Amino acid sequence: MSKNFDVVVIGGGPGGYVAAIRAAQLGFNTACIDEAQRSDGKPALGGTCTNVGCIPSKALLQSSENYEHAAHSFADHGIEVKGLSFDLAKMLGRKDKVVKQNNDGIAFLFKKNKVTFFHGKGSFVKGDASGWEIKVAGAAEETLIAKQVIVATGSNPRALPGAEFDEKLILSNTGALDIPEVPKKLGVIGAGVIGLEMGSVWRRLGAEVTILEALPTFLGAVDEQIAKEARKSFTKQGLNIQTGVAIGKISAKKNVTVEYTDAEGKAQSAAFDKLIVSIGRVPNTNGLNAAAVGLKLDERGFVAVDDECRTNLPNVWAVGDVVRGPMLAHKAEEEGVAVAERIAGQHGHVDFNTVPWVIYTSPEIAWVGKTEQQLKAEGVDYRAGTFPFMANGRARALGDTTGMVKFLADAKTDRILGVHIVGPMASELISEGVVAMEFGASSEDIARICHAHPSLSESVKEAALAVDKRSLNF
Ligand SMILES: Cc1cc2nc3c(=O)[nH]c(=O)nc-3n(C[C@H](O)[C@H](O)[C@H](O)COP(=O)(O)OP(=O)(O)OC[C@H]3O[C@@H](n4cnc5c(N)ncnc54)[C@H](O)[C@@H]3O)c2cc1C
(Lines give C-alpha, C1' and ligand atoms only; values in the text may rest on other atoms or scores of the structure.)
Protein backbone atom coordinates (compact mmCIF):
# COMPACT_ATOMS: atom_id res chain seq x y z
CA MET A 1 0.00 0.00 0.00
CA SER A 2 1.35 3.44 -0.83
CA LYS A 3 2.16 6.04 1.81
CA ASN A 4 1.16 9.66 1.27
CA PHE A 5 3.33 12.67 2.06
CA ASP A 6 3.16 16.39 1.42
CA VAL A 7 6.89 16.50 0.66
CA VAL A 8 9.29 13.70 -0.31
CA VAL A 9 12.99 14.51 -0.49
CA ILE A 10 15.24 12.16 -2.47
CA GLY A 11 18.75 12.34 -0.99
CA GLY A 12 19.82 12.93 2.60
CA GLY A 13 22.93 15.09 2.09
CA PRO A 14 23.14 18.72 3.27
CA GLY A 15 20.69 19.83 0.58
CA GLY A 16 18.17 17.07 1.21
CA TYR A 17 18.21 16.58 4.97
CA VAL A 18 18.05 20.31 5.65
CA ALA A 19 15.17 20.71 3.14
CA ALA A 20 13.33 17.87 4.89
CA ILE A 21 13.78 19.39 8.34
CA ARG A 22 12.66 22.84 7.16
CA ALA A 23 9.62 21.36 5.37
CA ALA A 24 8.66 19.49 8.55
CA GLN A 25 9.14 22.66 10.62
CA LEU A 26 6.71 24.38 8.26
CA GLY A 27 4.09 21.76 9.07
CA PHE A 28 4.40 19.45 6.06
CA ASN A 29 4.16 15.69 6.43
CA THR A 30 7.68 15.01 5.14
CA ALA A 31 9.75 11.98 4.15
CA CYS A 32 13.40 11.72 3.16
CA ILE A 33 14.89 8.83 1.21
CA ASP A 34 18.62 8.10 1.25
CA GLU A 35 20.48 5.03 0.07
CA ALA A 36 23.90 5.54 1.66
CA GLN A 37 24.98 2.80 4.02
CA ARG A 38 27.73 2.42 6.60
CA SER A 39 29.90 -0.68 6.77
CA ASP A 40 27.68 -1.91 9.65
CA GLY A 41 24.66 -1.77 7.32
CA LYS A 42 23.14 1.22 9.11
CA PRO A 43 22.06 4.33 7.18
CA ALA A 44 24.81 6.86 6.56
CA LEU A 45 22.79 10.06 6.54
CA GLY A 46 24.50 13.30 5.55
CA GLY A 47 25.57 12.58 1.98
CA THR A 48 28.97 13.20 0.46
CA CYS A 49 29.59 16.01 2.92
CA THR A 50 29.23 13.92 6.06
CA ASN A 51 30.55 10.58 4.80
CA VAL A 52 33.33 11.27 2.31
CA GLY A 53 33.62 15.04 2.06
CA CYS A 54 33.57 18.08 4.34
CA ILE A 55 33.50 16.33 7.70
CA PRO A 56 36.05 13.48 7.36
CA SER A 57 38.43 15.74 5.43
CA LYS A 58 38.33 18.32 8.21
CA ALA A 59 38.83 15.61 10.85
CA LEU A 60 42.00 14.41 9.08
CA LEU A 61 43.17 17.95 8.37
CA GLN A 62 42.92 18.67 12.10
CA SER A 63 44.71 15.47 13.18
CA SER A 64 47.51 15.94 10.68
CA GLU A 65 47.86 19.62 11.57
CA ASN A 66 48.14 18.75 15.26
CA TYR A 67 50.93 16.32 14.36
CA GLU A 68 52.67 18.92 12.22
CA HIS A 69 52.49 21.46 15.05
CA ALA A 70 53.93 18.97 17.51
CA ALA A 71 56.72 18.12 15.05
CA HIS A 72 57.60 21.61 13.89
CA SER A 73 56.14 24.47 15.89
CA PHE A 74 55.84 23.34 19.52
CA ALA A 75 59.59 23.90 19.91
CA ASP A 76 59.06 27.65 19.24
CA HIS A 77 56.74 27.70 22.26
CA GLY A 78 59.37 26.06 24.43
CA ILE A 79 57.61 22.71 24.34
CA GLU A 80 59.88 19.77 23.81
CA VAL A 81 58.45 16.66 22.21
CA LYS A 82 60.53 13.51 22.31
CA GLY A 83 59.77 10.31 20.43
CA LEU A 84 56.85 11.85 18.51
CA SER A 85 54.88 9.38 16.42
CA PHE A 86 51.35 8.84 15.24
CA ASP A 87 48.99 5.91 14.97
CA LEU A 88 47.35 6.18 11.55
CA ALA A 89 44.74 3.51 12.28
CA LYS A 90 43.67 5.47 15.35
CA MET A 91 43.62 8.72 13.38
CA LEU A 92 41.40 7.15 10.71
CA GLY A 93 39.26 5.59 13.46
CA ARG A 94 38.72 9.01 15.05
CA LYS A 95 37.69 10.39 11.66
CA ASP A 96 35.17 7.54 11.29
CA LYS A 97 33.82 8.25 14.76
CA VAL A 98 33.30 11.92 13.89
CA VAL A 99 31.45 10.84 10.72
CA LYS A 100 29.25 8.43 12.69
CA GLN A 101 28.40 11.13 15.24
CA ASN A 102 27.19 13.29 12.35
CA ASN A 103 25.22 10.39 10.74
CA ASP A 104 23.50 9.71 14.04
CA GLY A 105 22.96 13.41 14.67
CA ILE A 106 20.94 13.73 11.47
CA ALA A 107 18.88 10.62 12.33
CA PHE A 108 18.14 12.25 15.71
CA LEU A 109 17.13 15.51 14.00
CA PHE A 110 14.73 13.58 11.75
CA LYS A 111 13.07 12.03 14.79
CA LYS A 112 12.95 15.38 16.58
CA ASN A 113 11.32 17.07 13.59
CA LYS A 114 9.10 14.11 12.68
CA VAL A 115 10.66 13.53 9.27
CA THR A 116 9.96 9.94 8.13
CA PHE A 117 13.16 8.33 6.88
CA PHE A 118 13.31 5.60 4.23
CA HIS A 119 16.61 3.78 3.73
CA GLY A 120 16.96 2.83 0.07
CA LYS A 121 17.10 4.10 -3.47
CA GLY A 122 14.33 6.48 -4.49
CA SER A 123 13.14 6.61 -8.08
CA PHE A 124 10.30 8.20 -9.99
CA VAL A 125 7.56 5.88 -11.24
CA LYS A 126 4.92 8.25 -12.62
CA GLY A 127 2.90 11.30 -11.73
CA ASP A 128 1.71 14.78 -12.49
CA ALA A 129 0.81 17.99 -10.67
CA SER A 130 -1.67 16.11 -8.49
CA GLY A 131 1.00 13.79 -7.06
CA TRP A 132 4.19 11.89 -7.81
CA GLU A 133 4.72 8.20 -7.24
CA ILE A 134 8.16 7.37 -5.87
CA LYS A 135 9.45 3.85 -5.39
CA VAL A 136 11.88 3.11 -2.56
CA ALA A 137 14.07 0.08 -3.16
CA GLY A 138 15.76 -0.92 0.08
CA ALA A 139 15.49 -3.59 2.73
CA ALA A 140 11.76 -3.25 2.17
CA GLU A 141 10.05 -1.95 -0.97
CA GLU A 142 7.81 1.07 -0.43
CA THR A 143 5.68 3.21 -2.66
CA LEU A 144 5.31 6.84 -1.67
CA ILE A 145 2.93 9.40 -3.12
CA ALA A 146 4.16 12.97 -2.80
CA LYS A 147 2.47 16.28 -3.55
CA GLN A 148 5.90 17.88 -3.76
CA VAL A 149 9.27 16.27 -4.53
CA ILE A 150 12.71 17.72 -3.82
CA VAL A 151 15.56 16.01 -5.69
CA ALA A 152 18.84 16.31 -3.76
CA THR A 153 20.86 13.40 -5.10
CA GLY A 154 24.22 15.18 -5.07
CA SER A 155 27.30 14.39 -7.09
CA ASN A 156 29.98 11.76 -7.74
CA PRO A 157 33.71 12.16 -8.37
CA ARG A 158 34.73 12.62 -12.00
CA ALA A 159 37.12 9.92 -13.21
CA LEU A 160 39.91 10.46 -15.72
CA PRO A 161 39.21 8.49 -18.89
CA GLY A 162 41.44 5.39 -18.84
CA ALA A 163 42.10 5.69 -15.11
CA GLU A 164 38.98 4.43 -13.39
CA PHE A 165 38.90 4.58 -9.57
CA ASP A 166 39.86 1.30 -7.92
CA GLU A 167 40.24 3.02 -4.50
CA LYS A 168 43.47 1.06 -4.00
CA LEU A 169 45.92 2.74 -6.36
CA ILE A 170 43.74 5.31 -8.11
CA LEU A 171 41.72 7.08 -5.48
CA SER A 172 38.68 9.34 -5.46
CA ASN A 173 37.91 11.39 -2.37
CA THR A 174 36.55 8.19 -0.78
CA GLY A 175 39.87 6.32 -1.01
CA ALA A 176 41.91 9.46 -0.31
CA LEU A 177 40.27 9.70 3.12
CA ASP A 178 41.09 6.13 4.00
CA ILE A 179 44.65 5.27 2.93
CA PRO A 180 45.73 2.60 5.45
CA GLU A 181 49.46 3.38 5.23
CA VAL A 182 51.10 6.73 4.44
CA PRO A 183 52.26 6.47 0.82
CA LYS A 184 55.88 7.33 0.20
CA LYS A 185 55.06 9.09 -3.03
CA LEU A 186 51.58 10.47 -3.56
CA GLY A 187 50.40 11.95 -6.84
CA VAL A 188 47.38 14.23 -7.00
CA ILE A 189 45.76 15.24 -10.26
CA GLY A 190 43.89 18.51 -9.83
CA ALA A 191 44.99 21.42 -7.64
CA GLY A 192 41.48 22.37 -6.58
CA VAL A 193 39.98 22.41 -3.10
CA ILE A 194 39.92 18.62 -2.66
CA GLY A 195 43.38 18.03 -4.18
CA LEU A 196 45.00 20.66 -1.99
CA GLU A 197 43.25 19.54 1.19
CA MET A 198 44.02 15.85 0.66
CA GLY A 199 47.57 16.61 -0.53
CA SER A 200 48.11 18.62 2.67
CA VAL A 201 46.87 15.84 4.95
CA TRP A 202 49.20 13.20 3.50
CA ARG A 203 52.19 15.55 3.16
CA ARG A 204 51.91 16.42 6.86
CA LEU A 205 51.94 12.70 7.65
CA GLY A 206 55.13 12.17 5.63
CA ALA A 207 54.20 11.57 1.98
CA GLU A 208 56.15 13.23 -0.81
CA VAL A 209 53.29 14.94 -2.66
CA THR A 210 53.21 16.05 -6.29
CA ILE A 211 50.13 17.92 -7.50
CA LEU A 212 49.58 18.09 -11.25
CA GLU A 213 47.18 20.74 -12.53
CA ALA A 214 46.11 21.17 -16.14
CA LEU A 215 45.24 24.86 -15.89
CA PRO A 216 48.11 27.28 -16.37
CA THR A 217 47.16 29.34 -13.32
CA PHE A 218 47.12 28.17 -9.73
CA LEU A 219 43.66 28.46 -8.12
CA GLY A 220 42.25 30.46 -11.00
CA ALA A 221 38.99 31.25 -9.18
CA VAL A 222 40.86 32.81 -6.25
CA ASP A 223 42.01 36.43 -6.14
CA GLU A 224 45.47 36.41 -7.76
CA GLN A 225 47.28 38.09 -4.89
CA ILE A 226 45.79 35.60 -2.42
CA ALA A 227 46.53 32.59 -4.67
CA LYS A 228 50.15 33.73 -5.07
CA GLU A 229 50.61 34.02 -1.32
CA ALA A 230 49.04 30.58 -0.79
CA ARG A 231 51.22 28.92 -3.42
CA LYS A 232 54.32 30.40 -1.80
CA SER A 233 53.32 28.79 1.51
CA PHE A 234 52.40 25.43 0.02
CA THR A 235 55.70 25.25 -1.87
CA LYS A 236 57.61 26.12 1.31
CA GLN A 237 55.80 23.28 3.08
CA GLY A 238 57.02 20.88 0.40
CA LEU A 239 53.98 20.43 -1.84
CA ASN A 240 55.31 20.10 -5.38
CA ILE A 241 52.65 21.90 -7.42
CA GLN A 242 53.00 21.83 -11.20
CA THR A 243 50.53 23.84 -13.29
CA GLY A 244 49.93 23.81 -17.04
CA VAL A 245 50.52 20.08 -17.43
CA ALA A 246 48.82 17.81 -19.97
CA ILE A 247 48.10 14.38 -18.49
CA GLY A 248 48.83 11.47 -20.82
CA LYS A 249 48.75 7.76 -20.13
CA ILE A 250 48.17 6.47 -16.61
CA SER A 251 49.07 2.88 -15.82
CA ALA A 252 48.38 1.18 -12.52
CA LYS A 253 50.04 -2.11 -11.63
CA LYS A 254 52.07 -2.29 -8.39
CA ASN A 255 52.21 1.47 -8.37
CA VAL A 256 50.84 4.21 -10.64
CA THR A 257 52.79 5.78 -13.46
CA VAL A 258 51.60 9.06 -14.88
CA GLU A 259 52.94 10.27 -18.17
CA TYR A 260 52.46 13.96 -18.75
CA THR A 261 53.77 16.98 -20.60
CA ASP A 262 54.94 19.78 -18.34
CA ALA A 263 54.32 23.51 -18.78
CA GLU A 264 57.49 23.79 -20.93
CA GLY A 265 56.20 21.06 -23.23
CA LYS A 266 58.69 18.44 -22.01
CA ALA A 267 57.52 14.83 -21.73
CA GLN A 268 57.63 13.61 -18.12
CA SER A 269 56.87 10.40 -16.30
CA ALA A 270 56.29 10.05 -12.57
CA ALA A 271 55.70 6.96 -10.45
CA PHE A 272 53.51 7.15 -7.36
CA ASP A 273 52.48 4.68 -4.67
CA LYS A 274 48.96 6.13 -4.84
CA LEU A 275 47.25 8.61 -7.12
CA ILE A 276 44.36 10.84 -6.03
CA VAL A 277 42.26 12.09 -8.94
CA SER A 278 40.38 15.23 -7.94
CA ILE A 279 39.36 16.86 -11.21
CA GLY A 280 35.84 17.82 -10.26
CA ARG A 281 32.50 16.16 -9.67
CA VAL A 282 29.57 15.16 -11.84
CA PRO A 283 25.88 15.43 -10.94
CA ASN A 284 24.35 12.19 -9.70
CA THR A 285 21.02 11.33 -11.31
CA ASN A 286 21.75 7.58 -11.47
CA GLY A 287 18.80 5.53 -10.39
CA LEU A 288 16.36 8.46 -10.22
CA ASN A 289 14.56 7.18 -13.31
CA ALA A 290 14.28 10.79 -14.49
CA ALA A 291 13.25 9.68 -17.98
CA ALA A 292 10.11 7.91 -16.68
CA VAL A 293 8.56 11.26 -15.76
CA GLY A 294 10.43 13.46 -18.28
CA LEU A 295 12.55 15.27 -15.68
CA LYS A 296 14.78 17.50 -17.79
CA LEU A 297 18.57 17.39 -17.43
CA ASP A 298 20.82 20.05 -18.95
CA GLU A 299 23.60 19.33 -21.45
CA ARG A 300 26.07 18.62 -18.61
CA GLY A 301 23.74 16.18 -16.86
CA PHE A 302 22.58 18.49 -14.06
CA VAL A 303 18.86 18.57 -13.27
CA ALA A 304 17.74 21.71 -15.13
CA VAL A 305 16.26 24.29 -12.73
CA ASP A 306 15.30 27.96 -12.78
CA ASP A 307 16.68 30.54 -10.33
CA GLU A 308 14.30 29.22 -7.68
CA CYS A 309 15.18 25.50 -8.08
CA ARG A 310 12.00 24.63 -10.00
CA THR A 311 12.45 21.79 -12.51
CA ASN A 312 10.42 21.42 -15.71
CA LEU A 313 7.88 19.27 -13.80
CA PRO A 314 5.14 20.80 -11.64
CA ASN A 315 5.88 20.50 -7.89
CA VAL A 316 9.27 18.88 -8.51
CA TRP A 317 12.28 20.84 -7.26
CA ALA A 318 16.02 20.13 -7.21
CA VAL A 319 18.79 21.51 -4.97
CA GLY A 320 22.49 21.16 -4.18
CA ASP A 321 25.24 19.53 -6.22
CA VAL A 322 22.77 17.98 -8.66
CA VAL A 323 21.90 21.47 -9.99
CA ARG A 324 23.95 24.36 -11.38
CA GLY A 325 26.05 26.57 -9.14
CA PRO A 326 28.90 25.98 -6.73
CA MET A 327 29.23 22.45 -5.32
CA LEU A 328 29.27 23.50 -1.69
CA ALA A 329 27.41 22.06 1.28
CA HIS A 330 26.19 25.43 2.55
CA LYS A 331 24.89 26.36 -0.92
CA ALA A 332 22.95 23.06 -0.97
CA GLU A 333 21.54 23.75 2.51
CA GLU A 334 20.42 27.28 1.64
CA GLU A 335 18.70 26.04 -1.51
CA GLY A 336 16.99 23.29 0.52
CA VAL A 337 15.63 25.81 3.04
CA ALA A 338 14.54 28.22 0.30
CA VAL A 339 12.64 25.48 -1.58
CA ALA A 340 10.81 24.28 1.55
CA GLU A 341 9.79 27.88 2.22
CA ARG A 342 8.65 28.41 -1.38
CA ILE A 343 6.50 25.27 -1.11
CA ALA A 344 4.94 26.91 1.97
CA GLY A 345 4.20 30.04 -0.09
CA GLN A 346 7.00 32.01 1.53
CA HIS A 347 9.75 33.93 -0.25
CA GLY A 348 12.84 31.82 0.33
CA HIS A 349 15.94 33.34 -1.24
CA VAL A 350 19.59 32.43 -1.84
CA ASP A 351 22.02 35.22 -2.65
CA PHE A 352 24.66 33.56 -4.83
CA ASN A 353 26.83 36.72 -4.62
CA THR A 354 27.47 36.13 -0.95
CA VAL A 355 28.17 32.40 -0.87
CA PRO A 356 31.54 32.05 0.90
CA TRP A 357 34.27 29.70 -0.37
CA VAL A 358 36.84 28.08 1.88
CA ILE A 359 39.90 25.89 1.34
CA TYR A 360 40.91 24.34 4.65
CA THR A 361 44.63 24.09 4.00
CA SER A 362 47.24 25.80 6.14
CA PRO A 363 47.11 28.69 5.55
CA GLU A 364 43.36 28.60 5.02
CA ILE A 365 41.95 30.44 2.04
CA ALA A 366 38.50 32.01 2.15
CA TRP A 367 36.67 34.54 0.08
CA VAL A 368 33.32 36.06 -0.72
CA GLY A 369 32.28 38.30 -3.61
CA LYS A 370 34.37 39.48 -6.53
CA THR A 371 38.11 39.04 -7.04
CA GLU A 372 40.30 41.91 -8.21
CA GLN A 373 40.67 40.29 -11.65
CA GLN A 374 36.88 39.98 -12.00
CA LEU A 375 36.38 43.67 -11.14
CA LYS A 376 39.05 44.66 -13.67
CA ALA A 377 37.40 42.50 -16.36
CA GLU A 378 34.01 44.07 -15.58
CA GLY A 379 35.50 47.59 -15.70
CA VAL A 380 34.40 48.35 -12.12
CA ASP A 381 36.19 51.23 -10.44
CA TYR A 382 37.34 49.86 -7.06
CA ARG A 383 39.68 50.52 -4.17
CA ALA A 384 41.65 47.75 -2.47
CA GLY A 385 42.95 47.51 1.08
CA THR A 386 45.15 44.77 2.50
CA PHE A 387 46.46 43.99 5.96
CA PRO A 388 49.08 41.31 6.68
CA PHE A 389 48.66 38.94 9.64
CA MET A 390 52.36 39.65 10.31
CA ALA A 391 51.21 42.96 11.81
CA ASN A 392 48.48 41.40 13.98
CA GLY A 393 49.29 40.81 17.67
CA ARG A 394 47.07 37.73 18.04
CA ALA A 395 48.61 36.10 14.95
CA ARG A 396 52.09 36.69 16.42
CA ALA A 397 50.98 35.18 19.72
CA LEU A 398 49.57 32.18 17.85
CA GLY A 399 52.81 31.83 15.93
CA ASP A 400 50.97 31.97 12.61
CA THR A 401 51.56 35.19 10.75
CA THR A 402 51.21 33.92 7.18
CA GLY A 403 48.92 35.74 4.80
CA MET A 404 46.62 38.73 4.73
CA VAL A 405 43.09 40.07 4.59
CA LYS A 406 42.08 41.99 1.49
CA PHE A 407 39.06 44.20 0.95
CA LEU A 408 37.73 45.36 -2.40
CA ALA A 409 35.24 48.23 -2.33
CA ASP A 410 33.49 50.35 -4.92
CA ALA A 411 35.58 53.47 -5.55
CA LYS A 412 32.56 55.81 -5.47
CA THR A 413 30.13 54.27 -2.98
CA ASP A 414 32.66 52.34 -0.86
CA ARG A 415 30.26 49.35 -0.89
CA ILE A 416 32.17 46.13 -0.21
CA LEU A 417 32.50 44.06 -3.40
CA GLY A 418 34.77 41.27 -2.15
CA VAL A 419 36.67 40.07 0.89
CA HIS A 420 39.62 37.68 0.49
CA ILE A 421 41.65 36.04 3.21
CA VAL A 422 44.66 33.76 3.26
CA GLY A 423 45.87 32.95 6.74
CA PRO A 424 44.93 31.57 10.14
CA MET A 425 41.21 30.92 10.74
CA ALA A 426 40.22 32.40 7.38
CA SER A 427 37.24 30.01 7.42
CA GLU A 428 35.84 31.73 10.51
CA LEU A 429 36.91 35.29 9.67
CA ILE A 430 35.18 35.27 6.28
CA SER A 431 31.77 35.31 7.97
CA GLU A 432 32.24 38.97 8.83
CA GLY A 433 32.71 39.70 5.12
CA VAL A 434 29.59 37.68 4.26
CA VAL A 435 27.46 39.50 6.83
CA ALA A 436 28.84 42.86 5.73
CA MET A 437 28.05 42.16 2.08
CA GLU A 438 24.56 40.82 2.91
CA PHE A 439 23.83 44.10 4.69
CA GLY A 440 25.27 46.15 1.84
CA ALA A 441 27.98 47.55 4.15
CA SER A 442 30.75 49.90 3.09
CA SER A 443 34.38 49.30 4.04
CA GLU A 444 34.05 52.33 6.32
CA ASP A 445 31.25 50.53 8.23
CA ILE A 446 33.62 47.69 9.08
CA ALA A 447 36.48 50.10 9.77
CA ARG A 448 34.34 51.92 12.38
CA ILE A 449 33.20 48.76 14.22
CA CYS A 450 34.94 47.96 17.51
CA HIS A 451 36.77 44.60 17.15
CA ALA A 452 38.08 42.70 20.19
CA HIS A 453 41.79 43.03 20.94
CA PRO A 454 43.84 41.00 20.48
CA SER A 455 42.02 39.03 17.80
CA LEU A 456 42.60 37.92 14.24
CA SER A 457 39.41 39.79 13.38
CA GLU A 458 41.27 43.05 13.92
CA SER A 459 43.00 42.24 10.63
CA VAL A 460 39.58 42.39 8.95
CA LYS A 461 38.98 45.85 10.40
CA GLU A 462 42.50 46.96 9.47
CA ALA A 463 42.09 45.77 5.87
CA ALA A 464 38.85 47.78 5.73
CA LEU A 465 40.76 50.81 7.06
CA ALA A 466 43.43 50.18 4.42
CA VAL A 467 40.85 50.75 1.67
CA ASP A 468 41.00 54.40 2.75
CA LYS A 469 44.77 54.14 3.28
CA ARG A 470 44.48 54.60 7.02
CA SER A 471 45.52 51.33 8.65
CA LEU A 472 46.53 52.00 12.21
CA ASN A 473 48.87 49.07 12.78
CA PHE A 474 50.72 48.76 9.48
C1 LIG B 1 36.58 15.58 -0.13
C2 LIG B 1 35.49 16.62 -0.17
C3 LIG B 1 35.54 17.67 0.71
C4 LIG B 1 34.53 18.62 0.71
N5 LIG B 1 34.62 19.66 1.58
C6 LIG B 1 33.67 20.60 1.58
C7 LIG B 1 33.73 21.66 2.51
O8 LIG B 1 34.63 21.73 3.34
N9 LIG B 1 32.74 22.59 2.48
C10 LIG B 1 31.72 22.53 1.57
O11 LIG B 1 30.86 23.40 1.57
N12 LIG B 1 31.64 21.53 0.68
C13 LIG B 1 32.58 20.57 0.67
N14 LIG B 1 32.48 19.53 -0.20
C15 LIG B 1 31.33 19.50 -1.13
C16 LIG B 1 30.08 18.98 -0.42
O17 LIG B 1 30.34 17.70 0.08
C18 LIG B 1 28.90 18.94 -1.40
O19 LIG B 1 28.73 20.20 -1.99
C20 LIG B 1 27.62 18.59 -0.66
O21 LIG B 1 27.72 17.33 -0.04
C22 LIG B 1 26.41 18.58 -1.62
O23 LIG B 1 25.27 18.24 -0.91
P24 LIG B 1 24.03 17.55 -1.62
O25 LIG B 1 23.01 17.39 -0.55
O26 LIG B 1 23.65 18.29 -2.84
O27 LIG B 1 24.54 16.14 -2.13
P28 LIG B 1 25.29 14.93 -1.40
O29 LIG B 1 25.96 15.37 -0.16
O30 LIG B 1 26.11 14.28 -2.45
O31 LIG B 1 24.12 13.96 -0.95
C32 LIG B 1 23.33 13.27 -1.86
C33 LIG B 1 22.75 12.06 -1.15
O34 LIG B 1 21.75 11.49 -1.98
C35 LIG B 1 21.85 10.09 -1.94
N36 LIG B 1 21.24 9.57 -3.17
C37 LIG B 1 21.62 9.78 -4.45
N38 LIG B 1 20.74 9.23 -5.31
C39 LIG B 1 19.79 8.65 -4.55
C40 LIG B 1 18.60 7.95 -4.84
N41 LIG B 1 18.20 7.73 -6.09
N42 LIG B 1 17.86 7.48 -3.81
C43 LIG B 1 18.24 7.69 -2.51
N44 LIG B 1 19.35 8.36 -2.18
C45 LIG B 1 20.10 8.85 -3.18
C46 LIG B 1 23.34 9.83 -1.83
O47 LIG B 1 23.59 8.56 -1.29
C48 LIG B 1 23.75 10.95 -0.87
O49 LIG B 1 23.62 10.52 0.47
C50 LIG B 1 33.45 18.53 -0.20
C51 LIG B 1 33.38 17.45 -1.08
C52 LIG B 1 34.38 16.49 -1.06
C53 LIG B 1 34.27 15.34 -2.00
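## Exercises on a predicted model

In this predicted model, strand 4 and strand 5 (residues 141–151) run antiparallel and are joined by 6 bridges.

**Exercise 1.** Determine which residues stand opposite each other in the pairings of strand 4, and how many residues lie in each hairpin.

*Solution.*
1. Begin with strand 5. Trp132 stands opposite Ala146 in strand 5, and 2 residues lie between strand 4 and strand 5 in their hairpin.
2. Turn to strand 3. Strand 3 and strand 4 (residues 131–138) are antiparallel, with 8 bridges between them.
3. In this pairing Gly122 faces Val136 of strand 4, and the hairpin that connects strand 3 to strand 4 passes through 2 residues.

**Exercise 2.** Establish the strand order of the open sheet of 5 strands, and identify which strands stand at its edges and why one side of each is left without a neighbour.

*Solution.*
1. The order is 7-14-8-9-10, with parallel pairing.
2. Strand 7 (170–171) and strand 10 (240–242) are the edge strands; each has a single partner strand, so one side of each lacks a neighbour in the sheet.
3. Helix 6 (residues 193–204) packs on this sheet and touches strand 8 (185–189), strand 9 (208–212), strand 10 and strand 14. The direction of helix 6 makes about 165° with that of strand 9.
4. For strand 7, the partner is strand 14 (residues 274–277), paired in the parallel sense over 2 bridges. Within this pair, Ile170 is opposite Leu275 of strand 14.

**Exercise 3.** Describe the shell around the ligand by residue, class and element.

*Solution.*
1. The ligand is surrounded by 38 residues, of which Asp34, Thr48, Lys58, Gly122 and Ala329 come nearest.
2. Sorted by class, the shell consists of 14 nonpolar, 18 polar and 6 charged residues.
3. Helix 2 supplies the largest share of the shell, 4 residues.
4. Next, consider polar atoms, with a cut-off of 3.5 Å for a contact between N or O atoms. A polar side-chain atom of Lys58 is 2.7 Å from an oxygen atom of the ligand. Two backbone distances to a ligand oxygen atom may be added: a polar backbone atom of Pro14 at 3.3 Å, and a backbone N or O atom of Met327 at 3.4 Å.
5. Of the 1,000 Å² of accessible area that the ligand has on its own, the protein covers 94%.
6. Two or more residues of the shell come from each of helix 1 (14–25), strand 2 (30–34), helix 2 (47–52), helix 3 (54–73), strand 3 (116–128) and helix 9 (329–343).

Conventions
Residues are numbered from 1 along each chain as its sequence is written. This is a predicted model: local features need pLDDT of at least 70, side-chain atom pairs count only at pLDDT 80 or more; totals for chains, interfaces and linings use all residues. Side-chain values use heavy atoms; hydrogens and water are left out. A residue is near a molecule or strand if one of its heavy atoms lies within 4 Å of it. A polar contact is a pair of N or O atoms within 3.5 Å; within protein, one must be able to donate a hydrogen and the other to accept it, and residues adjacent in sequence count only if both atoms are side-chain atoms. Accessible areas come from the Shrake-Rupley method with a 1.4 Å probe; for residues, only the protein chains shown count as cover. Ala, Val, Leu, Ile, Met, Phe, Trp, Tyr, Cys and Pro count as nonpolar, Asp, Glu, Lys and Arg as charged, and the others, Gly among them, as polar. Two strands pair if DSSP finds at least two bridges between them. Contact means heavy atoms within 4.5 Å. Axes are lines fitted to C-alpha atoms, for helices over the stretch in contact, and angles run from 0 to 180 degrees between N-to-C directions.
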